[in-house]
Amino acid sequence: MEYHFNYKLNLPDDRLCPPVQNRLNYIHWLHNLVDFTAGQFPFDQDSEHEVIGLDVGTGCCSIYPLIGCATRKNWKFLATDTDEKNIQTAKQNVALNNLESRIHIQQTSLNDPLLPLDKLGRENIDFTMCNPPFYSSHDEMEKSAAGKEHAPSAVCTGAETEMITPGGEVAFVTRMIDESRALANQVKWFTSMLGKLSSVITLAQKLQDSGVGNYAVTEFVQGRTKRWAIAWSWQDRRPAMNVARAIPGFPKHLMPFPSDYIITLDAGTSVDAVDGALDQHLDDLPMYWRKDESHATRLGFTEGNTWSRQARRKIQLAQAAGNPPSKPTKIPEHVAMGVRIQRYWLENERAVQLTISWIQGMDQTIFESFCGMVKRIIGTKFQA
C-alpha cells in the first residue's frame, strides 16, 4: 500500500492480510459500473461526481475504502464489521492516513442487517461492496485447501469470523439480495466478490428468480488466483456490456441480457448516407434526442414504443387532425428506454458500423423492437 498509494498500514498478526492487486481489480470494476450509470447522461463516462459506497465486513485495515479513496478523489465510504478488533485496527489505519473525513467505520452486530443504512444515518448511497467469508464450516475450508492443485503461496492468518459464515458465501449474499429489495430506491448497485464460480451461477439464478433484470457478472484473474463478482440493481440504469458480461463460458441462460446491438453495413456504404437516414427517420419519432456530431453519437429517450405500426398510425391521425405530437425538449420523467447510438468507420473493412447500446430501461422487448426498427431503416436503404 505504501509503494503504490503512499498509505501506511498496521496489520495485526491474527487477521487476514489482504492482497492489494485483487482488491484493486474489484475497485476498478466498481469504477466502470458506477461511472457508466451515474449522474445525468454525458457522452463520456462520469468519473468526477461524488460517490458514496458501503463496504460490508471491512476487515482489519479497511482495505477497500483505502484503495477506493486513493483511486478516486471524490469517493467516500461507510464501512462496517462485527469484529471489535477489526473495527479498532480499521479505525487506526484510517486515522493513520488522515482519511477520517472520507471513511466512516461503524461496528455492527450479528443481529443487525447486513446493509444498515438507518444505523449509518444514510438515506441514499451509490453502491455496496462485500468480500464475504467463503466457507460454511471448518470441514469445507479444509477440503478446499486439500483439493488445491498448487500449495498456497502465503500463510493464511485469517480469524474464523473472516473465513467462515453459516451457509457460506451463497447464503451471505442471498441475505443481501433479500435485504436489497427494501432498499431498491436508496442504493444504485449492490455488489459482492465471490470465491467460487459455482456461487456466481447460483446467485445469478437467485437474482432471476427474484425478478432482478439488471445485473452484472465478472471475473478477476491475478496470477494463479481467480475471483468473481456479481452486481445487481433494482433501478433502470444499465451498465456497459463489457462490464456486465465478463465471465467467459458462463451459462448462457444466466448471462445478463446483451445491452449492445451491432449493425455492420456493406463495404462501400456512405457514412453521410447512413447519418442522413438516421436523421430522417429517428428525428421524426416523438423521442428526446441529443446529438454529439463530433463523436458520431446520439442519445435517445422515450416513454414508450413510438415506432410501432400502431404508434405511427396514431401520429398520422393526430397530424391529419391538426394536432401533431410535440417534440420532447428534455428527457422524459418516466423513461421506458434510453439508448446510445454510435457510428463507427471500420477502416480495414471499409464499412460503417452502428452500435446501439441499451443504457436505461427494464423492458428488453422495447429495446429489441427499437434495434429491429433501426436495422430495417438501414438494411432497406443500403442492402445490395
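Biologist: Which residues does Tyr26 touch, not counting those up to four places away in sequence?

Modeller: Tyr26 touches Tyr64, Met129, Cys130, Thr191, Ser192, Met193 and Phe220. Keep in mind that this is a predicted model.

Biologist: What makes these residues count as touching Tyr26?

Modeller: The cut-off is heavy atoms within 4.5 Å. Tyr26 meets that cut-off with each residue I named, so each one is a contact.

Biologist: Where does Tyr26 belong in the larger picture?

Modeller: Tyr26 is part of the largest nonpolar core, which has 45 residues. Tyr26 is among those with the most contacts inside this core, along with Trp29, Leu30, Ile103, Phe127 and Met129. Helix H2, residues 20–36, gives the core its largest share, nine residues. There is also a second, separate core of 34 residues. Phe172, Leu183, Val212 and Phe250 are among its members.

Biologist: What makes a set of residues a nonpolar core?

Modeller: The members must be buried, of the listed types such as Tyr and Trp, and joined through side-chain atoms within 4.5 Å.

Biologist: Then take Trp29. Why is Trp29 called buried?

Modeller: Buried means under 20% relative accessible area. Trp29 has 6%, so Trp29 counts as buried.

Biologist: Where is Trp29, and what is it in contact with?

Modeller: Trp29 is found in helix H2. Leaving aside neighbours within four places in sequence, Trp29 is in contact with Thr191, Ala216, Thr218, Phe220, Ala229, Ile230, Ala231 and Val243.

Biologist: How many residues along the chain lie between the positions of Trp29 and Ala244, and what separates their C-alpha atoms?

Modeller: Trp29 and Ala244 are 215 residues apart along the chain. Their C-alpha atoms are separated by 9.8 Å.

Biologist: What do the contacts of the whole protein show about separation along the chain?

Modeller: Take the contacts with a separation of 6 or more. Residues 24 or more positions apart account for 75% of them. As for burial, 50% of the 384 residues are buried. The secondary structure comes to 13 helices and 13 strands.

Biologist: Now Leu96. Why is Leu96 called partly exposed?

Modeller: Partly exposed lies between the cut-offs of 20% and 50%. Leu96 stands at 37%, so Leu96 is partly exposed. Leu96 lies in helix H4, residues 84–96. Its contacts beyond four places in sequence are Lys8, Leu9 and Asn10. The C-alpha atoms of Leu96 and Lys8 are separated by 6.7 Å, with their positions 88 residues apart along the chain.

Biologist: Thr58 is in a loop. Is Thr58 buried or exposed, and how do you know?

Modeller: Thr58 has a relative accessible area of 4%. That is under 20%, so Thr58 is buried. The loop runs between strand E1 (51–56) and helix H3 (63–71). Thr58 touches Ile63, Pro65, Ala79, Thr80, Asp81 and Ala90.

Biologist: What stands out about the phi of Ser62?

Modeller: Most residues other than glycine have a negative phi. Ser62 is not a glycine, yet its phi is positive, about 55 degrees. Ser62 also lies in the loop between E1 and H3. Its relative accessible area is 0%, under the 20% cut-off, so Ser62 is buried.

Biologist: And what makes Arg350 partly exposed?

Modeller: Its relative accessible area is 45%, between 20% and 50%, so Arg350 is partly exposed. Arg350 too has a positive phi of about 55 degrees without being a glycine. Its place is in the loop between strand E12 (337–346) and strand E13 (351–360).

Biologist: How do you know where empty space is left?

Modeller: A probe the size of a water molecule is rolled over the atoms. In this structure there is one cavity of 30 Å³ or more. About 70 Å³ of space lies in the largest cavity.

Biologist: What makes a space a cavity and not a pocket?

Modeller: In a cavity the probe fits but cannot get out, whereas a pocket is open. The largest cavity is lined by Gly213, Asn214, Tyr215, Arg238, Pro239, Ala244, Pro256, Phe257 and Ser259. Five are nonpolar, three polar and one charged.

Biologist: Which residues lie nearest the centre of the second largest pocket?

Modeller: His281, Asp284, Leu285, Thr306 and Arg312 do, out of 18 lining residues. The volume of this pocket is about 420 Å³. H12 supplies the largest share of the lining, five residues. The lining divides into eight nonpolar, five polar and five charged residues.

Definitions and conventions: Residues are numbered from 1 along each chain as its sequence is written. This is a predicted model: local features need pLDDT of at least 70, side-chain atom pairs count only at pLDDT 80 or more; totals for chains, interfaces and linings use all residues. Side-chain values use heavy atoms; hydrogens and water are left out. On a 1 Å grid over the protein atoms alone, a cavity is a set of points where a 1.4 Å probe fits but cannot get out, and a pocket is an open set with protein on both sides within 12 Å along at least five of seven lines; lining residues have an atom within 4 Å of a point. Grid points are joined across faces, edges and corners, and a volume is the space filled by probe spheres set on the points. Helices (H or I, at least four residues) and strands (E, at least two) are DSSP runs, numbered from the N terminus. Ala, Val, Leu, Ile, Met, Phe, Trp, Tyr, Cys and Pro count as nonpolar, Asp, Glu, Lys and Arg as charged, and the others, Gly among them, as polar. Buried means under 20% relative accessible area, exposed over 50%, partly exposed in between (1.4 Å probe, protein chains only).
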